[in-house]
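Hello,

Here is the structure I promised to pass on. Please open it first, then read my notes below.

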Amino acid sequence: MTRIQRFETSARMSHAVVHGDTVYLAGAIAADLDGDIAAQSAEALAEIERVLALAGSDKSSLLTAQIWLKDLPRDFAAMNAVWEAWVPAGHAPARATCQAEMADPRVLVEFIVTAALG
Amino acid sequence: MTRIQRFETSARMSHAVVHGDTVYLAGAIAADLDGDIAAQSAEALAEIERVLALAGSDKSSLLTAQIWLKDLPRDFAAMNAVWEAWVPAGHAPARATCQAEMADPRVLVEFIVTAALG
Amino acid sequence: MTRIQRFETSARMSHAVVHGDTVYLAGAIAADLDGDIAAQSAEALAEIERVLALAGSDKSSLLTAQIWLKDLPRDFAAMNAVWEAWVPAGHAPARATCQAEMADPRVLVEFIVTAALG
């Protein structure tokens, strides 16, 4: 049995869960939900960096990313521009993107990632 | 090479797959699709407990959860109430929730979880 | 720290990432987006076989599959027919399927899988 470590755990979710040498993150959204897609993407990715650091990893160790966009045709290109500038060259994770409605209607993008322990 | 164990395997899917000390579950839905969101949430989570036990785990070892709701604005609060009562205190997984249509139009909620072996 | 191997890595994503003895694949779609659901399903699954081979695995070692369909009521049965003929008997992964819009509006189906190293 491998020990599980949870970070920032509430009744609803943990922001990160570490099992073995894999880190699983909760879906990450922007802090300010009034921003446009570029601002929300940047803030959500900053939140991922914060939680990865908490769990002992960083963005050079991403394994997977699932990306949900509220308005994919409108926001795909602008989200990708922020994403591609943020991911360290040569370290992009396996990725899949679709359109979805999130819990708060102001959320334009949510990123769900996993990473290896650093 | 780590051995893979599959549980309740059909031509379409296995209800659980164990690899190393990680358990992957198929999307879980209610047994009775005529129930409301509270009833469907409770039944789907009971199904998860059943399959986790089959695979040698339990709900205190959840790593991740992805939750799909057919009508998120209407059903988010009621699903969360059932979810938060069901998850053992201090053991909530990394979670992400969005709105989605499932294979049967009567499905109001589907839970996709992974867990550690107990 | 377990070494990470990435395959076919661009600025946006890797087509496969290996960590420990687990392989994570990017969402796979058909090469020809003018095909119907049967043709697109077959091509996307062929792409998965190609990428799994690259990463040192194969379709008998699938752990999970998440399947996104653009028009679930219309295409669920035809996708399943292709899927069930493709998955080796007794080796089906844990699976979940929902309806979603993908980045290119012609995409009818996308498969996101993980597998064990062969």
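Which residue of β5(B) does M102(A) stand opposite? The partner is C98(B). This is a predicted model, where local features need pLDDT of at least 70, side-chain atom pairs count only at pLDDT 80 or more, and totals for chains, interfaces and linings use all residues. Residues are numbered from 1 along each chain as its sequence is written, while chains are lettered from A and ligands numbered from 1 in the order in which they are written.

Start with the strands. Strands (E, at least two residues) are DSSP runs, numbered from the N terminus. β6(A) runs antiparallel to β5 (residues 94-99) of chain B, and two bridges join them. Two strands pair if DSSP finds at least two bridges between them.

Now the interface. In all, 24 residues of chain A are in contact with 24 residues of chain B. Contact means that C-beta atoms, placed from the backbone, lie within 7 Å. On the side of chain A that touches chain B, β2(A) gives the most, with four residues.

Last, the symmetry. Two copies of a chain are related by a rotation about an axis and a shift along it. Here a turn of 120 degrees and a shift of 0.0 Å along the axis lay chain A on chain B, with an RMSD of 0.0 Å. That is the relation of a three-fold axis. The superposition is by least squares on C-alpha atoms of residues with pLDDT of at least 70 in both copies. The C-alpha of A100(A) comes closest to the rotation axis among the residues of chain A, at 4.1 Å.

Best wishes

Terms used. Contact = placed C-beta atoms within 7 Å.
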